[in-house]
Amino acid sequence: MRADRVFAYGAAAGLLGDHLLGDPRRGHPVAAFGRAAGAVEQLLWRDHRGWGALHTAVCVGTTVSLAAAATSALRPSRTASAALTAAATWAVVGGTSLAREAGIIGRALEAGDIEAARARLPHLCGRDPQALDADGIARAVVESVAENTSDAVVGALVWGGIAGVPGLLGFRAVNTLDAMVGHKSAKYRRYGWASARLDDVAGWPGARLTAALATVAGGDPRGAVRAWRTDAPKHPSPNAGPVEASFAGALGVRLGGTLSYGGRVEHRPVLNGAGRAVAVPDIDRAVRLSRRVGWLALGVSVAGRLLVKGRKS
C-alpha cells in the first residue's frame, strides 16, 4: 500500500464502518473526551476568557498531540496506519447516528405521536420541543440534519484530508468543546468564547464544502445556489448559514424563522423564502441528501490529499 493512499483506504473503511455499524453503544471515544474535558473544566473554570482559552488549548492540544504520536509510532506499517485512520474516522463521524435519530422522530410524526417526537427531539438538537407543533419539529429536524452533516461528517473528513488522524481527532475535539461550553449561557459566555471562535474557524471549510456538495447532490441546484448566496449571510452563524440555506434550496423548502432555545426565543431570518413549508416526508429527503453529501465529501477529501501528496513526491 502506497503511503499516499493510507488516508484514502482508512477513511473509506471508517466511513463504511459508520454506515454499517453506527456509533458504539458503550465506550465511545468522543464521550470519553467529553468526560476528560469536563474534568479539566472543573479544575480551570473561571468567568474569564483567558481561562477558557487555556481549557481549549489543553483539551485540543492534548488530543492532537496524542494523535500525532500514534500516527508517528505506526508510520512504519502502512497497514497499521490505515487501520488507525479507519478507527479514527469511524470514531469521529456520526452520519448514521444522525440519520437514526432523525428517522425515529420522523416515524413518530408519521404515526401522529407528537409527544414521542417531542421527547426524542433533544437527542438531536437543543430546541424547546414543547414549543413546537408537528411541522415545527419537522423543520427543526431538517435544520439539524443539515447543520450536523457539516459538523458530524464533512468537517471531520476535510480536516482528515488536510492533517490525517490528528486532523480528524482535533476537529472532533474542537466541535465537542463548542457543544459543551461554546453556547452563550451566563456560565459560558466568557469561558466558552475561545472554544466557540475556534469552532467557527475549524468549521469554515467543511461548511462551505457541505453547501457546495448539497448544491450538486440536491434536486434543485439553482435553488440551492440562490438560497446560499441570498440568505446565508443573514444567518447568525457563519457556518450554519451556508449549510442550512443550501439544504433549503436543494430540498425546495423554507427553513429558519422563529425558534426557542432554553426558554430564549430567537427570530432568525427565513432561508429560501420561496420554498414551501417543511413537511414530515422532508426528513427522509434531508437524510438521503446528507448521506450523499457525506460520501461525496470523502471523495473530495481523498482526492485533495492524493493531489497534495502527489505534488510533494
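**Exercise 1.** Leaving aside its neighbours within four places in sequence, with which residues is Asp 282 in contact? Place the residue in the fold and describe its surroundings.

*Solution.* The structure is a predicted model.
- Step 1: Asp 282 belongs to helix α11, which covers residues 281-312.
- Step 2: The relative accessibility of Asp 282 is 2%. Buried means under 20%, so Asp 282 counts as buried.
- Step 3: With neighbours up to four places away set aside, the contacts of Asp 282 are Val 142, Val 253, Arg 276 and Ala 277.
- Step 4: One of these partners, Arg 276, also takes part in a polar contact: its side chain and that of Asp 282 meet at 2.7 Å.

**Exercise 2.** Determine what surrounds Arg 172, and state which side chain of opposite charge is nearest to Arg 172.

*Solution.*
- Step 1: Arg 172 lies in helix α7, residues 134-181.
- Step 2: Arg 172 is buried and yet has no salt bridge.
- Step 3: The nearest side chain of opposite charge is that of Asp 151, at 6.9 Å. A salt bridge requires the charged atoms to be within 4 Å.
- Step 4: Beyond four places in sequence, Arg 172 touches Val 30, Val 92, Asp 151, Ala 152 and Ala 156.

**Exercise 3.** Check the span of helix α4 against the expected value, and identify the elements against which its buried residues pack.

*Solution.*
- Step 1: Helix α4 runs over residues 78-92 and has 15 residues.
- Step 2: The expected span is 1.5 Å times one less than the number of residues. For α4 this gives 21 Å.
- Step 3: The end C-alpha atoms of α4 are 21 Å apart, so the model agrees with the expectation.
- Step 4: The buried residues of α4 are Ser 81, Ala 82, Thr 85, Ala 86, Ala 88, Thr 89, Ala 91 and Val 92.
- Step 5: An α-helix has 3.6 residues a turn, so residues three or four places apart point the same way.
- Step 6: The packing partners of the buried residues of α4 are α1 (6-21), α2 (29-44), α3 (49-74) and α7.

**Exercise 4.** Is Trp 90 buried, partly exposed or exposed? Describe its contacts as well.

*Solution.*
- Step 1: Trp 90 is part of helix α4.
- Step 2: Its relative accessible area is 27%. Since partly exposed lies between the limits of 20% and 50%, Trp 90 is partly exposed.
- Step 3: Trp 90 and Gly 14 are 76 residues apart along the chain, whereas their C-alpha atoms are separated by 4.3 Å.
- Step 4: Apart from residues up to four places away, Trp 90 touches Gly 14, Gly 17, Asp 18, Leu 21, Gly 22 and Pro 24.
- Step 5: For Gly 22 there is a further detail: the side chain of Trp 90 reaches the backbone oxygen of Gly 22 at 3.0 Å.

**Exercise 5.** Describe two loop residues, Gly 112 and Asn 272, by position and exposure.

*Solution.*
- Step 1: Gly 112 is in the loop between α5 (95-110) and α6 (114-120).
- Step 2: With a relative accessible area of 59%, Gly 112 is exposed.
- Step 3: The C-alpha atom of Gly 112 is separated by 8.5 Å from that of Ala 134, which is 22 residues apart from it along the chain.
- Step 4: Asn 272 is in the loop between β2 (264-271) and β3 (276-277).
- Step 5: Asn 272 has a relative accessible area of 7% and is therefore buried.
- Step 6: Although Asn 272 is not a glycine, its phi is positive, at about 60°.

Key:
Residues are numbered from 1 along each chain as its sequence is written. This is a predicted model: local features need pLDDT of at least 70, side-chain atom pairs count only at pLDDT 80 or more; totals for chains, interfaces and linings use all residues. Side-chain values use heavy atoms; hydrogens and water are left out. Helices (H or I, at least four residues) and strands (E, at least two) are DSSP runs, numbered from the N terminus. Buried means under 20% relative accessible area, exposed over 50%, partly exposed in between (1.4 Å probe, protein chains only). Lys and Arg count as positive and Asp and Glu as negative; His and the chain ends are not counted. Contact means heavy atoms within 4.5 Å. A polar contact is a pair of N or O atoms within 3.5 Å; within protein, one must be able to donate a hydrogen and the other to accept it, and residues adjacent in sequence count only if both atoms are side-chain atoms.
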